[in-house]
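Please open the structure in your viewer and keep the selection tool at hand. This tour proceeds by selection: at each stop, a part of the chain is chosen and its surroundings are described.

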Amino acid sequence: MNVKSLTGRAAVAAGLVLALGCGVSAQASTTGPLTIGGKADAAVTHRSGGSSDKGTVDTCSQEVLGVSATKEPADSEDARHLLLTVQNAGDEKCNLYRYPLVRLGDGRNTARVIEESDPHPGVPVTLAPGEEAYAGLLVNGPMDEYEAKSITLSLQGRKPGSSAGKPIGVPMPVETLYANDYQRVTYWTTAPGFALDFIMSK
């Protein structure tokens, strides 16, 4: 897979939304999330493990994150593969733990995680102000589908099973998604191509 070409498409994300208060944002930017150069080649090394400030970095929440979702590839018609992007719009570093809890429309369950998509189990992704993280989302598989008119993303807290902040309403990349219980999501990473590798072949 051409990681650099995927990164280029991620830079033109549909819209950056600053999730405030109840988790649903005010206004989407027309330019999409700001992109930090060189992150694609950095792969998954941007982690906070072993850092002396491990205990002082706050958990990322809806109050400081901008969110967006884009189709991959951008010209696809079925919107089966999405790239979820979050950006630290705050003034301090924050940690993302494990993977996003994603619910499509009125789905009964959140997307199952692809366990092998995390090369550093238990180590959070640390985002400095302005930096981004990504997760790949597979919307459906070979089974009955339902129409989804919304994407809701919840963040996990430091402890397994805990949550960080309120659910975030993610702007839809298309009017309707056709989802089912086959949906899958990856762990957070700072390399969009790495996340997409786990869903594009499915």
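The tour begins with the whole chain and then turns to a strand, a residue within a neighbouring strand, and a pair of charged side chains.

**The whole chain**

Please note at the outset that this is a predicted model. Display the chain as a cartoon, in which 3 helices and 13 strands can be traced. The chain has 202 residues, and 49% of them count as buried. If the surface is switched on, the chain exposes about 9500 Å², of which carbon and sulfur atoms supply 51%. Consider also how the chain folds back on itself: among contacts between residues at least 6 apart in sequence, 81% join residues at least 24 apart.

**Strand β5**

Select residues 94-104, which form β5. How many of the 11 residues of β5 are buried? The number is 8, so the strand is largely enclosed by the rest of the structure.

Next, add the pairing partners of β5 to the selection. Strand β2, residues 58-59, pairs with β5 in the parallel sense over 2 bridges. Here T59 stands opposite N95 of β5. Strand β7, residues 125-127, runs antiparallel to β5, and 3 bridges join the two. Within this pairing, L96 has V125 of β7 as its bridge partner. Strand β10 is also antiparallel to β5, with 5 bridges between them. To find one position along that pairing, select L104, which stands opposite I151 in β10.

**Residue I151**

Keep I151 selected and show its side chain. I151 belongs to strand β10, which covers residues 151-156. Is I151 buried or exposed? I151 is buried, because its relative accessible area is 2%, and a residue counts as buried under 20%.

Now display the residues around I151. Apart from neighbours within four places in sequence, its contacts include V102, R103 and L104. Elsewhere in the sequence, I151 touches A69 and L82, as well as I168, G169, V170, M172, P173 and L177. To examine one of these, place a distance label between the C-alpha atoms of I151 and M172: the separation is 6.7 Å, although the two residues are 21 apart along the chain.

**The salt bridge**

Select R108 and D181 together. Their side chains meet in a salt bridge, with 2.8 Å from N to O. The pair links distant parts of the chain, 73 residues apart: R108 is in the loop between β5 and β6, and D181 is in the loop between β12 and β13. Side chains of opposite charge can pair when their charged atoms come close. The structure holds 1 salt bridge. R108 is exposed, at a relative accessible area of 68%, while D181 counts as partly exposed at 33%.

**Residue R184**

For the last stop, select R184, found in strand β13. R184 is buried yet has no salt bridge. Which side chain of opposite charge is nearest to R184? It is D181, at 8.1 Å. Look instead towards the backbone oxygen of Y182, which the side chain of R184 reaches at 2.9 Å. To complete the view, show the residues in contact with R184 beyond its neighbours within four places in sequence: A111, R112 and I114, together with G136, L137 and L138.

How values were computed: Residues are numbered from 1 along each chain as its sequence is written. This is a predicted model: local features need pLDDT of at least 70, side-chain atom pairs count only at pLDDT 80 or more; totals for chains, interfaces and linings use all residues. Side-chain values use heavy atoms; hydrogens and water are left out. Helices (H or I, at least four residues) and strands (E, at least two) are DSSP runs, numbered from the N terminus. Buried means under 20% relative accessible area, exposed over 50%, partly exposed in between (1.4 Å probe, protein chains only). Contact means heavy atoms within 4.5 Å. Accessible areas come from the Shrake-Rupley method with a 1.4 Å probe; for residues, only the protein chains shown count as cover. A salt bridge is a side-chain nitrogen of Lys or Arg within 4 Å of a carboxyl oxygen of Asp or Glu. Lys and Arg count as positive and Asp and Glu as negative; His and the chain ends are not counted. A polar contact is a pair of N or O atoms within 3.5 Å; within protein, one must be able to donate a hydrogen and the other to accept it, and residues adjacent in sequence count only if both atoms are side-chain atoms. Two strands pair if DSSP finds at least two bridges between them.
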